[in-house]
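Q: I'm new to this. Could you walk me through how to read a protein structure, one feature after another?

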Amino acid sequence: AAGVAAARGDDGNGVSGAAYRANLSGQRLIACWSPDASEAGALSYQNQSNDIYSNSWGPSDDAQRLEAPGPLMAAAFENDIAVGRGGLGNIITWAAGNGPSSGDDPNYDGYPDHRATIAVTAITHRGEQAYYAEPGANILIAAHSNGDGESITTADIPGSGGYNSSGDVTHTFGGTSSATPLASGVIALMLHANPNLTWRDVQHV
């Protein structure tokens with residue numbers, strides 16, 4: 001997902017992210033079971049230096065649960081928008097989910113449903129709702145991802161640990177997990193053009 005937002009380009013892999021000169025800071029979280037303290041630590045990590053927190057994870061898209069951030073994570077959200085980026089507020093993007101086949105809806109998910117976050121769903125290269133993209137009242141933006149026979153090419157984990165077991169580039173990425181870092185990269189370009197935008201300004205844009 002990081003490559004979609006900010007792959008450097010000019011590195012022999014032929015991949016550039018939306019904001020290809022942006023700096024990245026990675027935190028490892030595993031969807032569905034990370035402790036509240038780990039989630040809060042990741043979403044508040046260096047919130048004066050990190051402008052945007054891009055999240056391609058969340059509860060299972062099975063329409064079987066209403067799941068909200070724990071108290072520490074909720075406090076991290078509020079702290080980010082109150083004091084992050086020198087008081088302008090951090091930007092928090094969140095994948096809306098890939099579960100319409102299960103009847104899932106991002107309104108069931110308290111992470112993209114939180115007022116501090118920008119819920120991102122996916123459209124195809126034709127500008128149509130992707131077959132896996134959850135619709136919901138909390139969606140603020142739709143960004144391009146895979147569907148209609150096309151997928152996303154981006155940087156991959158080196159070696160055998162990624163999507164492509166024999167290279168550092170994948171041609172099969174997608175889902176709202178790809179749409180979200182694309183939106184994050186575009187937001188990074190917005191902040192480069194106008195670093196005085198608040199978290200609410202970005203949501204309005």
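A: Happy to! Keep in mind that this is a predicted model. Let's begin with the largest pocket: 49 residues line it, and A1, A2, L24, S25 and S54 are the ones nearest its centre.

Q: What volume does the largest pocket have?

A: About 1,600 Å³.

Q: Which helices and strands help to line the largest pocket?

A: Look for elements that give at least two residues to the lining: these are α1 (2-6), α2 (36-43), β1 (52-55), β5 (152-155), β6 (169-173) and α4 (176-193). The largest share comes from α4, with 8 residues.

Q: How do the residues of that lining divide into nonpolar, polar and charged?

A: For the largest pocket you get 27 nonpolar, 18 polar and 4 charged residues.

Q: And what about the second largest pocket, which residues lie nearest its centre?

A: Those are I141, A183, I187, M190 and V205, out of 13 lining residues. Two or more residues of this lining come from each of β4 (139-144), α4 and α5 (199-204). Here, too, α4 gives the largest share, in this case 5 residues. The second largest pocket holds about 240 Å³ of space, and its lining has 12 nonpolar residues, 1 polar one and no charged ones.

Q: Let's turn to salt bridges. How many does a search of the whole structure find?

A: The general idea goes like this: side chains with opposite charges can pair when their charged atoms come close. In this structure the search finds 3 salt bridges. One of them joins the side chains of R85 and D51, at 3.9 Å from N to O. R85 sits in the loop between α3 (71-83) and β2 (91-95), while D51 sits in the loop between α2 and β1, so this pair ties together parts 34 residues apart in sequence.

Q: Is R85 buried or exposed?

A: Compare its relative accessibility with the cut-off: buried means under 20%. R85 has 9%, so it counts as buried. Its partner D51 has 34% and counts as partly exposed.

Q: Which side chain does E78 meet in a salt bridge?

A: That of R115, at 2.7 Å from N to O. E78 belongs to helix α3 and R115 to the loop between β2 and β3 (117-123), so the pair ties together parts that are 37 residues apart in sequence. E78 is partly exposed, with a relative accessible area of 31%, whereas R115 counts as exposed at 51%.

Q: And where do D148 and R126 lie in the chain?

A: Their side chains meet in a salt bridge of 3.6 Å, N to O. The pair links distant parts of the chain, with D148 in the loop between β4 and β5 and R126 in the loop between β3 and β4, 22 residues apart. D148 is partly exposed at 41% relative accessibility, and R126 is exposed at 55%.

Q: Now for the sheet. In what order do the strands of the open sheet come?

A: To read a sheet, go across it strand by strand. This one has 4 strands in the order β1-β2-β3-β4, with parallel pairing. β1 and β4 are the edge strands, as each pairs on one side only. On average, neighbouring strands are turned by 30 degrees against each other, ignoring direction.

Q: How many bridges join β3 to β4?

A: There are 5, and the two strands run parallel. If you want a spot to look at, find T121, which stands opposite A142 in β4.

Notes. Residues are numbered from 1 along each chain as its sequence is written. This is a predicted model: local features need pLDDT of at least 70, side-chain atom pairs count only at pLDDT 80 or more; totals for chains, interfaces and linings use all residues. Side-chain values use heavy atoms; hydrogens and water are left out. On a 1 Å grid over the protein atoms alone, a cavity is a set of points where a 1.4 Å probe fits but cannot get out, and a pocket is an open set with protein on both sides within 12 Å along at least five of seven lines; lining residues have an atom within 4 Å of a point. Grid points are joined across faces, edges and corners, and a volume is the space filled by probe spheres set on the points. Ala, Val, Leu, Ile, Met, Phe, Trp, Tyr, Cys and Pro count as nonpolar, Asp, Glu, Lys and Arg as charged, and the others, Gly among them, as polar. A salt bridge is a side-chain nitrogen of Lys or Arg within 4 Å of a carboxyl oxygen of Asp or Glu. Buried means under 20% relative accessible area, exposed over 50%, partly exposed in between (1.4 Å probe, protein chains only). Two strands pair if DSSP finds at least two bridges between them. Axes are lines fitted to C-alpha atoms, for helices over the stretch in contact, and angles run from 0 to 180 degrees between N-to-C directions.
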